[in-house]
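Student: I've got a model open and I'd like to learn how to read it. Can we go through it together?

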Amino acid sequence: AAGTGGSAPIEAVAAAADGPIRSTVRVVDAASRRPIPGAIVTVGAVASRTGPDGRATVLLDGVAVLRARAAGYRRADAPPREAVDREVALTPITPR
């Protein structure tokens with residue numbers, strides 16, 4: 001499941017129809033809400049890594065799903081229309 005955040009602004013969805021739009025994604029720990037540095041954010045075949053603040057900049061085409069993953073966490077997906085300038089929360093994996 002994707003993290004918190006609302007749907008994309010109408011302008012952003014319309015812009016995606018005209019071509020890719022730049023978006024900032026912040027990846028955080030779902031329990032602590034702290035940023036996850038070094039998380040990998042992918043849109044289609046293009047990957048970006050988050051910085052120390054848990055943020056990565058990606059290009060959204062309005063079609064490809066945004067995926068975020070990091071060691072020790074479950075992957076999270078965000079549908080294209082919900083991926084613009086959002087926070088994605090990753091759930092820690094607990095060993096059995």
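**Reading the model, one feature at a time**

Tutor: Sure, and let's start with a single residue: T50 has 5% relative accessibility, so it counts as buried. Keep in mind that this is a predicted model.

Student: Where does T50 sit in the chain?

Tutor: T50 lies in the loop between β3 and β4.

Student: Which backbone atoms does the side chain of T50 reach?

Tutor: There are two to look at. One is the backbone oxygen of I36, at 2.7 Å from the T50 side chain. The other is the backbone nitrogen of G38, which that side chain reaches at 2.9 Å.

Student: And which residues is T50 in contact with, leaving aside its neighbours within four places in sequence?

Tutor: The list is V27, I36, P37, G38, A39, V41, R55 and A56. Two of those come back later: V27 and V41 are among the core residues that touch the most other members.

Student: Let's zoom out, then. What does the secondary structure of the chain come to?

Tutor: One helix and seven strands. Going from the N terminus, the order is α-β-β-β-β-β-β-β.

Student: How do I read the way strands pair?

Tutor: The general idea is that strands of a sheet pair through backbone hydrogen bonds, either parallel or antiparallel. In this model, one open sheet has three strands in the order β4-β1-β7, with mixed pairing. Its edge strands are β4 and β7, each pairing on one side only. From one strand to the next, the twist averages 35°.

Student: Mixed how? In which sense does β1 pair with β4, and in which with β7?

Tutor: β1 and β4 are antiparallel, over six bridges. β1 and β7 are parallel, over five bridges. You can check this by looking at residues that stand opposite each other. Between β1 and β4, I21 is opposite L60, and R26 is opposite R55. On the β7 side, V27 stands opposite V88.

Student: Is β1 largely enclosed or open to the outside?

Tutor: Count its buried residues, where buried means under 20% relative accessible area. Seven of the nine residues of β1 are buried, so the strand is largely enclosed by the rest of the structure.

Student: What about the strands outside that sheet?

Tutor: There's an open sheet of four strands, in the order β3-β2-β5-β6, and its pairing is antiparallel. Here β3 (46-49) and β6 are the edge strands, each pairing on one side only. The twist in this sheet averages 20° from one strand to the next.

Student: How many bridges join β5 to β6?

Tutor: Three, and the two strands run antiparallel. One pair to find on screen is L66 with its bridge partner in β6, A78.

Student: While we're in β6, is A76 buried or exposed?

Tutor: A76, which is found in strand β6, has 1% relative accessibility and therefore counts as buried. Try picking A89 as well: A76 and A89 are 13 residues apart in sequence, and their C-alpha atoms are 7.3 Å apart in space.

Student: Which residues should I pick out in the largest nonpolar core?

Tutor: That core has 18 residues, and V27, V41, V58, L66, V88 and L90 touch the most other members. The elements giving two or more residues to the core are β1 (21-29), β2 (40-43), β4 (55-60), β5 (66-69), β6 (76-78) and β7 (86-90).

Student: How much of the chain is buried, taken as a whole?

Tutor: Buried residues make up 39% of the 96 in the chain. Contacts give another overall view: among those between residues at least 6 apart in sequence, 51% join residues at least 24 apart.

Student: One last thing: where is confidence lowest and where is it highest?

Tutor: Start with the average: the chain has a mean pLDDT of 82, with 78% of its residues at 70 or more. Confidence is lowest in helix α1 (residues 10-18), at a mean of 47, and highest in β5, at 95. Over residues 1-16 the pLDDT is below 50, and this stretch has 30 contacts in the model beyond near neighbours in sequence.

How values were computed: Residues are numbered from 1 along each chain as its sequence is written. This is a predicted model: local features need pLDDT of at least 70, side-chain atom pairs count only at pLDDT 80 or more; totals for chains, interfaces and linings use all residues. Side-chain values use heavy atoms; hydrogens and water are left out. A nonpolar core is a set of buried Ala, Val, Leu, Ile, Met, Phe, Trp, Tyr and Cys residues joined through side-chain atoms within 4.5 Å. Buried means under 20% relative accessible area, exposed over 50%, partly exposed in between (1.4 Å probe, protein chains only). Two strands pair if DSSP finds at least two bridges between them. Axes are lines fitted to C-alpha atoms, for helices over the stretch in contact, and angles run from 0 to 180 degrees between N-to-C directions. pLDDT is the predictor's confidence in each residue, from 0 to 100. Contact means heavy atoms within 4.5 Å. A polar contact is a pair of N or O atoms within 3.5 Å; within protein, one must be able to donate a hydrogen and the other to accept it, and residues adjacent in sequence count only if both atoms are side-chain atoms.
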